[in-house]
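Work through the exercises below with the model open. Try each task before reading its solution.

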Amino acid sequence: MTVYLPIMLDCHGQRCMVIGGGTVAERKVLGLLEAGAAVTVVSPSLTDGLAKLAEDNALTWWKRVYAPGDIRGAFLVYAASNDAAVNRNVAEEAHGCGVPVNVASEAERGSFITPSVVRRGRLTVAVSTSGAGPGAAAEIRGLLEETLGEEYGPYLEFLHHMRTEIKQREESPEVRSRLLRKLGALDVLNKIRQGTFIEWSPEAVDAWIAHHREE
């Protein structure tokens, strides 16, 4: 069994190639666009969804079949054509160029796989069965979506804001550590769930930090 290394990859502004224009390619493109990638699709035709994205200049469309050299300089590549031979050629070129490649039709030919993902603002949870069963991964993702409610979005925004304020204001590692521990003990998540949380004003942030600084 192949053991994959889980990573979170920053694709913002990076040129990412998708070879293929069908429904599988569309899913790959949507994930890349969500991550802020600069997407180029190589395919003679597109799904209606991809065609609309191309029309809106959300992606670049090369209206033709894949040709050797297309992926040169790419940050990463998805081989998502409905032609297995094309996907294999893309994978072979990507390996030769040292470009990470995902092969939709034959995962074992690629160098990475894309997990099923749950997003709640800053929270990202990825689920992978290492290619054993995409349906099972989707089922597990559904369970996680039920468990991890929308309240995690504002909760993590609160934590991010407070951590930023603490780190900017406190030079002492000891004080920062103490404040961050206190921050983690706050019952904010449950208050957001119950609808009783009131967003902290700058004055409230100042008062909380001052109160806990010397404890």
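The exercises cover aromatic pairs, salt bridges and a surface patch.

This is a predicted model: local features need pLDDT of at least 70, side-chain atom pairs count only at pLDDT 80 or more, and totals for chains, interfaces and linings use all residues. Residues are numbered from 1 along each chain as its sequence is written, and side-chain values use heavy atoms, with hydrogens and water left out.

**Exercise 1.** Classify the ring pair of Phe158 and Trp200, and state which parts the pair ties together.

*Solution.*
- Step 1: recall the cut-offs. Rings of Phe, Tyr and Trp (its six-membered ring) pair if their centres lie within 6.5 Å; planes under 30 degrees apart are stacked, over 60 edge-to-face, the rest tilted.
- Step 2: apply them. The centres of Phe158 and Trp200 are 5.1 Å apart and the planes stand at 80°, an edge-to-face pair.
- Step 3: place the residues. Phe158 sits in helix H5 (residues 152-169) and Trp200 in the loop between helix H7 (188-194) and helix H8 (202-213), so the pair ties together parts 42 residues apart in sequence. Helices (H or I, at least four residues) and strands (E, at least two) are DSSP runs, numbered from the N terminus.
- Step 4: extend. Trp200 and Trp208 have ring centres 6.1 Å apart and planes at 50°, so this pair is tilted. Phe158, Phe197, Trp200 and Trp208 form one aromatic cluster.

**Exercise 2.** Is Phe158 buried or exposed? Decide for Trp200 too.

*Solution.*
- Step 1: set the limits. Buried means under 20% relative accessible area, exposed over 50%, partly exposed in between (1.4 Å probe, protein chains only).
- Step 2: compare. Phe158, at 9%, is buried. Trp200, at 24%, is partly exposed.

**Exercise 3.** Where do the partners of the salt bridge between Arg169 and Asp206 lie?

*Solution.*
- Step 1: check the contact. A salt bridge needs a side-chain nitrogen of Lys or Arg within 4 Å of a carboxyl oxygen of Asp or Glu. The closest N and O atoms of Arg169 and Asp206 are 2.5 Å apart.
- Step 2: locate the ends. Arg169 lies in helix H5 and Asp206 in helix H8, so the bridge ties together parts 37 residues apart in sequence.
- Step 3: contrast with a bridge inside one helix. Glu174 and Arg178 both lie in helix H6 (residues 173-185), four residues apart, about one turn of the helix. Glu174 is exposed at 57%; Arg178 is buried at 15%.

**Exercise 4.** Which residues does the salt-bridge network around Glu106 join?

*Solution.*
- Step 1: start with one bridge. Glu106 meets Arg88 at 2.8 Å between the closest N and O atoms.
- Step 2: follow shared partners. They join Arg88, Glu106 and Arg109 into one network.
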